[in-house]
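Trainee: Could you take me through one part of this model up close? I'd like to see how its pieces sit against each other.

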Amino acid sequence: MSVILRRVNNEKDLIYLAELADEIWHQHFITILSEDQIDYMVEKFQSFAAMKNQMLNQGYEYYFIVADGETVGYTGIKNDVDKLFLSKLYIKKAFRGKHYASAVFEQLKEICRQRNLKAIWLTVNRFNDQTIAVYQKKGFQTIRTQVTDIGEGYVMDDYVMEMEI
């Protein structure tokens with residue numbers, strides 16, 4: 001299995017990334033969040049405009065996860081002092097359970113080593129049990145919980161997890 005991270009670096013890529021995000025979020029979060037909240041969060045955090053702003057003004061990097069030539073998901077990262085913030089890691093429904101996330105984690109650890117970063121941290125919805133189990137299996141530990149008001153009456157109710165490199 002060949003898994004690579006291909007950096008999103010132009011508007012055409014970013015348009016496809018926003019379409020991919022919309023597809024995956026509606027596949028994955030429908031059992032955890034209302035469709036209205038998913039729509040709101042995709043627009044606020046994963047739309048073309050939101051991700052373009054994140055890349056241009058906030059230091060985010062986005063990558064397509066490509067397995068054997070096929071795009072199976074995407075990830076978003078950002079340097080955060082001496083750690084790497086794993087903002088997003090999403091795999092299309094048809095490709096989950098095939099160890100693509102494991103391959104991505106190995107590449108993210110290598111990015112950390114190259115950048116002299118000591119840990120990877122992330123936030124995950126407290127009710128996203130399957131994803132939490134994957135993170136725990138990879139060595140992430142829960143540091144704290146946090147509730148973040150994201151507007152329109154919605155909150156993100158998350159665990160903050162971290163893995164030392």
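Mentor: Sure, let's go through a run of strands and then a pair of helices.

Before we start, this is a predicted model, where local features need pLDDT of at least 70, side-chain atom pairs count only at pLDDT 80 or more, and totals for chains, interfaces and linings use all residues. Residues are numbered from 1 along each chain as its sequence is written, and side-chain values use heavy atoms, with hydrogens and water left out.

A word on labels: helices (H or I, at least four residues) and strands (E, at least two) are DSSP runs, numbered from the N terminus. Two strands pair if DSSP finds at least two bridges between them.

Now find strand β2, residues 60-67, and strand β3, residues 70-80; they pair in the antiparallel sense over 8 bridges. Look at A67, and you'll see E70 of β3 standing opposite. These two strands make a hairpin with 2 residues between them, and D68 in that turn has a positive phi of about 50 degrees.

Keep following the chain. β3 also pairs with strand β4, residues 83-91, in the antiparallel sense over 8 bridges. Here I77 has L86 in β4 as its bridge partner. β3 and β4 form a hairpin too, with 2 residues between them, and V81 in the turn has a positive phi of about 60 degrees.

On to the helices. Two packed helices are described by the angle between their axes and the distance between the axes. Axes are lines fitted to C-alpha atoms, for helices over the stretch in contact, and angles run from 0 to 180 degrees between N-to-C directions. Helix α1 (residues 11-28) packs against helix α3 (residues 48-57) at an angle of about 125 degrees, with the axes 9 Å apart. That makes α1 oblique to α3; angles under 35 degrees count as roughly parallel, over 145 as roughly antiparallel, 65 to 115 as roughly perpendicular and the rest as oblique.

Which residues do the touching? From α1 come E11, L14, I15, L17 and A18, and they meet F48, M51, K52 and M55 in α3, where contact means heavy atoms within 4.5 Å. By class, that contact has 7 nonpolar, no polar and 2 charged residues (Ala, Val, Leu, Ile, Met, Phe, Trp, Tyr, Cys and Pro count as nonpolar, Asp, Glu, Lys and Arg as charged, and the others, Gly among them, as polar).
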